[in-house]
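Hi,

Here is the structure I promised to pass on. Have a look at it first, and then read my notes below.

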Amino acid sequence: LSASRNGDARAIEARANFKELGWTDLDWSVGAWWRQVDDGFSISRFDNGTEIQERGVEVLGQFAPNVNVHARYSRAERGAEALTQASVTGDWRISDHNSLAAEVRRVEEKRLAGEAAGVLGALQYKHRFGSAFDLYGTAQLTLDDDGGKYADNDALTVGGKYLFGDLSSVGAELTSGDRGDAAKIDAEYRISPEHTVYGGYTYST
């Protein structure tokens, strides 16, 4: 029998909404978080025996009522491995039924097999049919592969979401790319303003 294990998990999160504070006319907010999980901490009787530490900061804002921006930096460390990501996303609501989003993301991977960094770019177009059905497509391209060290991560995604009732929804998504294919379905049902039931299933290769 394995020896008994124990550990703690700690987390700190802080957020501020500048519009609610009266500092800006449009929606601007900032958030930061830190989380640490000891190597013996387990969830549902499972632990991987490795300490995990995560930290990050993000800024969300509006340049106009129909133009949003989101900047985020995060770093996750697990034992000797680490993943650092920095991204900037812009969203333009062209009309009530059409929107366009673009993102640039830098990824730095530190693994036992070596280190690599890559830059990804993505573009998404979304169209709403009527008042309840959204259809979207996303194209992702590897802009920099660190001289071949970073495995290409080009991908195409198509998906849709149907809204019904009082903020309930069902959605499906298909992705095909350099790192494999995936299919996802999810649903959310709002029982009351205080209670929601949701579920999802993802199959990937």
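What follows is a short tour, going from the whole chain to a run of paired strands and then to one arginine.

Before anything else, please keep in mind that this is a predicted model.

The whole chain

If you're looking for helices, you can stop: the chain has zero of them, against twelve strands. Reading along the sequence therefore just gives you β twelve times over, as β-β-β-β-β-β-β-β-β-β-β-β. The C-alpha atoms fill a box of roughly 60 × 45 × 40 Å along the principal axes.

Of the 205 residues, 22% come out as buried. The accessible surface is about 13700 Å², and carbon and sulfur atoms account for 55% of that. On contacts, I took the pairs at least 6 apart in sequence; 33% of those join residues at least 24 apart. As for charge, there are 22 positive and 32 negative ones, and the mean positions of the two sets sit 2 Å apart.

Strands β7, β8 and β9

This is a good stretch to trace on screen. Strand β7 covers residues 114-129 and strand β8 covers residues 133-144; the two pair antiparallel over eleven bridges. One pair to click on is Gly 121, whose bridge partner in β8 is Leu 141. Together β7 and β8 make a hairpin with three residues between them. Gly 130, in that turn, has a positive phi of about 65 degrees.

On from there, β8 also pairs with strand β9 (residues 155-164), again antiparallel, through eight bridges. Here you can look at Thr 138, which stands opposite Thr 157 in β9.

Arg 55

The residue I spent some time on is Arg 55, in strand β3 (residues 52-64). Is it buried or exposed? Neither, quite: its relative accessibility is 30%, so Arg 55 counts as partly exposed, since that class lies between the 20% and 50% cut-offs.

What does Arg 55 contact, once neighbours within four places in sequence are left aside? The list is Trp 33, Trp 34, Tyr 73, Ser 74, Arg 75 and Glu 77. Glu 77 turns up again in the polar contacts, where its side chain meets that of Arg 55 at 3.5 Å. The Arg 55 side chain also makes a polar contact with the side chain of Gln 53, at 3.2 Å. Finally, the C-alpha atoms of Arg 55 and Ala 32 are 7.6 Å apart, with 23 residues separating the two along the chain.

Cheers

Methods:
Residues are numbered from 1 along each chain as its sequence is written. This is a predicted model: local features need pLDDT of at least 70, side-chain atom pairs count only at pLDDT 80 or more; totals for chains, interfaces and linings use all residues. Side-chain values use heavy atoms; hydrogens and water are left out. Helices (H or I, at least four residues) and strands (E, at least two) are DSSP runs, numbered from the N terminus. Buried means under 20% relative accessible area, exposed over 50%, partly exposed in between (1.4 Å probe, protein chains only). Contact means heavy atoms within 4.5 Å. Accessible areas come from the Shrake-Rupley method with a 1.4 Å probe; for residues, only the protein chains shown count as cover. Lys and Arg count as positive and Asp and Glu as negative; His and the chain ends are not counted. The place of a charge is taken as NZ of Lys, CZ of Arg, CG of Asp or CD of Glu. Two strands pair if DSSP finds at least two bridges between them. A polar contact is a pair of N or O atoms within 3.5 Å; within protein, one must be able to donate a hydrogen and the other to accept it, and residues adjacent in sequence count only if both atoms are side-chain atoms.
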